[in-house]
Structure formats: C-alpha cells, structure tokens
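Please look over the model shown here, paying attention to its ligand and to the space around it.

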Amino acid sequence: MLIPSWERIEKCVSDVRKKTDFVPELALVLGSGLGDFAESAEAVAVVNYSEIDGFPVSTVPGHKGRFFFGYVEGVKCVIMQGRVHYYEGYTMEEVVLPVRLMNALGAETLFLTNAAGGISPTFSAGDFMLINGHISSFVPSPLIGKNIDRLGVRFPDMSEVYDKNLREIIKQSASEQNIALKEGVYVQLTGPNFETPQEIKMLSMLGADAVGMSTVCEAVAAKHAGMSVCGISCISNLAAGISKTPLSHAEVSETADRVAPDFKRLISASVKKMKK
Ligand code: HPA
C-alpha cells in the first residue's frame, strides 16, 4: 500500500505542474455517461493519470482517466474524466488521492456526479437527485491511518457535508433550466456487485434514497480538507427488487447516456453560478 502523506500529494502536484500552471477554482468529478462533458469546455491542458507517478488509473470501461483543465462558463475548472473506485482494488487513500490533488492544485469547491440506483419510491430511471446527505457506514473511511494534518483535523465534523449554498444554487439552476430535480440521501456500498433486494430493503429502512459505489468517500476526504462540496446523482436504474428486471452495467450506461444532455446543462448552469 502506498502511504498517504502530504509529500505524496506534493509529488503529484509537481508532476501536474510540469504540464500546466493553471489554478482551478472548482473541481468536477464526472460519473457514468458524462465523460465527454469536458469536450464542451474551453480546454487549457489535459493530464493523463498515467503521467502522474504512482497515480491510480481507472479500469472501468467508459472512464477516460485524465484531468482536463479549462473553463466552464468562465469558471476555472479541473475536470476528472473518470474516477477510480474502491472495488477496483485500490485503497481508500488511493481512491481519494485525485480529490486531494485537485484541492492542492487550488480547487476549493468540489462538484461530484455519479450514476446511482433509485431506492426512494418517488424516483424513476432518468431522474436527477441532488445529494443532501449521505450514509458512509458501509465503506471504510478514507481518513483511516495517520492524519494528514496539513489537510485537516483528526476528527472532522460531518454535520453538513453538502454545502447549503451550493445546494441552493443547483436547485435554482435546475428550475431556471426547467429540469426536474429530486433530492435525497446517497449511500455508498463497495460494489462491484449490485445489491440484493434484501439489502435494498435494509438501505431503504436506514433512510437512503439512492445507492452507488462512489462519491461518499470523495466527499468525506474533501470535507476533511475544508472544501465546499456538492453532488448530483443520475438515477440510472431502480435498485434491485424495485426494478422488475435484473440490473446491468449496460442499463446504467444507457440511461446515463440518454439523460446526459440535460445533466450537462444542469451542471453548466450550476457551475456558472458558483463563480467566486
Ligand atoms: N447499485 C449500485 N450502484 C449503482 C446502481 C445500483 O443500482 N446503479 C448505478 N450505480
């Protein structure tokens, strides 16, 4: 295991700085179906994860594996085209390294997106859910191990991980764009297997509205580091037992691709309002 340390993050920063001196204000993580969002932005530089020494590389089909630096609606952004997941075999420290790196490069706001299974009976496939809280108890904390004091405190507060002002901005943007926006609690499980109907019933009783295999660990690491965090899930399918058909990655991708134009519009409109 690679030891999480400030020195490791600094080394990644220096690898990126060999290619660009761009200082982003906002970091955007693109989930399934959104990989090409960056293509509509104004590019300044691209850095492949493979160009950063010791950096985790995504193995999921459809995840590109690079940082895109440029302007979205005039806002200086670093966009992660493809994230790494815990189920790929990386440690939690490695999974959150990209978020810590984007923060160290200058980004103070983190905008997370993902595809998720819908648990709430009010959700349909293709809906968007503003994340207003999360349940992290089914995956290890990315903060386990020696605390990196340069990033944050040993016992960080998680009372409000998803910033209220950013949530208001996203709600307002959705309404202006005539895009329906649901709201709810996201729970992260390890994956890679989808859940059983029994697990979905349990998660529902615990108060989860959507389930996925990412995002929460990134939000925790970002909050630890003092970033302002927000996130939106694309409900790509109804969760196991609620859906009448077996779940598949193909279904997740198909729905995510189908609603991607609206998702991109919502992200652009929201980012525009997040300019500092
Ligand atoms: N479960 C877990 N992760 C997911 C799902 C799901 O139903 N859909 C998309 N990601």
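The questions and answers below deal with the ligand, its pocket and two points of backbone geometry.

This is a predicted model, in which local features need pLDDT of at least 70 and side-chain atom pairs count only at pLDDT 80 or more, while totals for chains, interfaces and linings use all residues. Residues are numbered from 1 along each chain as its sequence is written, and side-chain values use heavy atoms, with hydrogens and water left out.

Q: Which strand supplies the largest share of the shell around the ligand?
A: The residues around the ligand, each with a heavy atom within 4 Å of it, include Ala 115, Glu 195, Met 213 and Asn 237. At least two residues of this shell come from each of the strands S5 (109–118), S8 (210–212) and S9 (228–238), strands being DSSP runs of E with at least two residues and helices runs of H or I with at least four, numbered from the N terminus. The largest share, three residues, comes from S5.

Q: Which residue has a polar side-chain atom 2.7 Å from a nitrogen atom of the ligand?
A: Taking a polar contact as a pair of N or O atoms within 3.5 Å, a ligand nitrogen is 3.4 Å from a polar backbone atom of Ala 115. A ligand nitrogen also lies 2.8 Å from an N or O atom in the side chain of Glu 195. The polar side-chain atom at 2.7 Å belongs to Asn 237.

Q: What is the volume of the largest pocket?
A: A pocket here is an open set of points on a 1 Å grid over the protein atoms alone, where a 1.4 Å probe fits, with protein on both sides within 12 Å along at least five of seven lines; its lining residues have an atom within 4 Å of a point. The ligand takes up the space of the largest pocket, with more than half of its atoms within 2 Å of the grid points. The volume, the space filled by probe spheres set on points joined across faces, edges and corners, is about 400 Å³.

Q: Which peptide bond is cis?
A: Most peptide bonds are trans. Pro 192 is found in the loop between strand S7 (182–188) and helix H4 (197–205). The cis bond, with omega near 0°, runs from Gly 191 to Pro 192.

Q: What is the phi of Asn 178?
A: Asn 178 has its place in the loop between helix H3 (164–176) and S7. Its phi is positive, in a residue other than glycine, and is near 55°.

Definitions and conventions: Polar contact = N/O pair within 3.5 Å; in protein donor to acceptor, adjacent residues only side chain to side chain.
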